[in-house]
Amino acid sequence: RWCYGKLSLERLCAEAKRIGYRSIELLGPGEALAVKKAGLTCAMLNCEGVSISDGLNRRENHARIAEGLRKAIDFAAEHGFPNVITFSGNRKGMSDDEGARNCIEGLKLVAAHAEAKGVTICMELLNSKVDHQDYMCDRTEWGVKVCKGVGSPRVKLLYDIYHMQIMEGDIIATLRKHKQYIGHVHTAGVPGRNEIDETQEL
């Protein structure tokens with residue numbers, strides 16, 4: 001949705017359907033219902049109380065984020081949406097090991113609820129070099145460590161090709177190696193976050 005902010009949601013739905021897409025994602029509940037009414041789905045639902053910079057790597061955020069995730073999971077389950085998004089948060093001087101432990105602890109608060117409702121929580125991998133400086137979940141191996149620590153089939157990663165090409169490259173091998181921990185994929189090219197074509201690195 002955020003890629004096409006100049007279009008009304010109604011027109012975006014019509015154009016998406018015309019070219020054969022089935023989903024518009026990163027929506028809140030109101031827009032998700034409008035998309036559903038238009039005959040589409042929302043593959044990745046936003047959550048109240050969840051932000052990129054202030055995430056699960058800090059225990060003081062756990063109660064707020066867990067509440068938002070539970071509400072989003074309930075809504076997603078009711079309306080047949082498969083995934084809800086969450087974020088690690090920025091480092092702000094915290095070590096990656098401590099952040100991983102805290103994210104595992106926070107995700108364990110809601111993992112059983114996600115399992116019961118059949119909805120997957122996806123923590124997004126973002127680059128910390130260009131767009132989201134200081135973001136903690138900026139490497140696939142770190143994200144996989146968190147998923148393994150939670151140990152739930154309903155806690156996975158949102159793997160973004162644009163962000164991970166900037167941070168680590170080796171996209172295809174990484175997807176093959178860690179596919180069981182990847183619940184959703186975003187695509188865009190580097191440089192410029194453009195369509196993946198002959199102008200891009202991949």
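**Group meeting: a helix pair, a pocket and some local details**

Proline 191 lies in the segment after S4, and I begin there, keeping in mind throughout that what we have on the screen is a predicted model. The peptide bond that joins valine 190 to proline 191 is cis, with omega at about 0°.

Staying with the backbone for a moment, please turn to the loop between H1 and helix H2, the latter covering residues 29-37, where leucine 26 is found. Although leucine 26 is not a glycine, its phi is positive, at about 60°.

Let me move on to the helix packing. Helix H4, residues 96-117, packs with helix H5, residues 140-150, at an angle of about 45°, and their axes are 9 Å apart. Since the class called oblique takes in what is left once angles under 35 degrees, over 145, and from 65 to 115 have been set aside, H4 and H5 are therefore oblique to each other. The crossing of these two helices, H4 and H5, is right-handed. On the H4 side the contact is made by Asp96, Asp97, Gly99, Ala100, Cys103, Ile104, Leu107, Lys108 and Ala111, while H5 brings Trp142, Lys145, Val146, Gly149 and Val150. Sorted by class, the residues in this contact of H4 with H5 are eight nonpolar, two polar and four charged.

Just ahead of H5 in the chain description comes another residue that I would like to show, histidine 132, whose place is in the loop between strand S2, residues 120-124, and H5. Which residues does histidine 132 contact, leaving aside its neighbours within four places in sequence? They are Ile52, Leu126, Asn127 and His163. As for asparagine 90, which is 42 residues apart from histidine 132 along the chain, the C-alpha atoms of the two are separated by 8.4 Å.

Finally, the largest pocket, in which about 1200 Å³ of space lies. Its lining consists of 34 residues, and those that lie nearest the centre of the pocket are Arg1, Cys3, Tyr4, Glu25 and Thr187. The elements that give two or more residues to this lining are helix H1, residues 9-18, and strand S4, residues 182-186. Of the elements, which gives the most to the lining of the largest pocket? That is H1, with four residues. By class, the lining of the largest pocket has 18 nonpolar residues, together with eight polar and eight charged ones.

Key
Residues numbered from 1 in each chain as written. Predicted model: local features only at pLDDT ≥ 70, side-chain atom pairs only at ≥ 80, totals over all residues. Heavy atoms only, no water. Axes fitted to C-alpha atoms, helices over the stretch in contact; angles between N-to-C directions. Left-handed = near helix turned anticlockwise from the far one by under 90°. Contact = heavy atoms within 4.5 Å. Nonpolar A, V, L, I, M, F, W, Y, C, P; charged D, E, K, R; others polar. 1 Å grid on protein atoms, 1.4 Å probe; cavity = no way out; pocket = protein on both sides within 12 Å on 5 of 7 lines; lining within 4 Å. Points joined across faces, edges and corners; volume = space filled by probe spheres on them.
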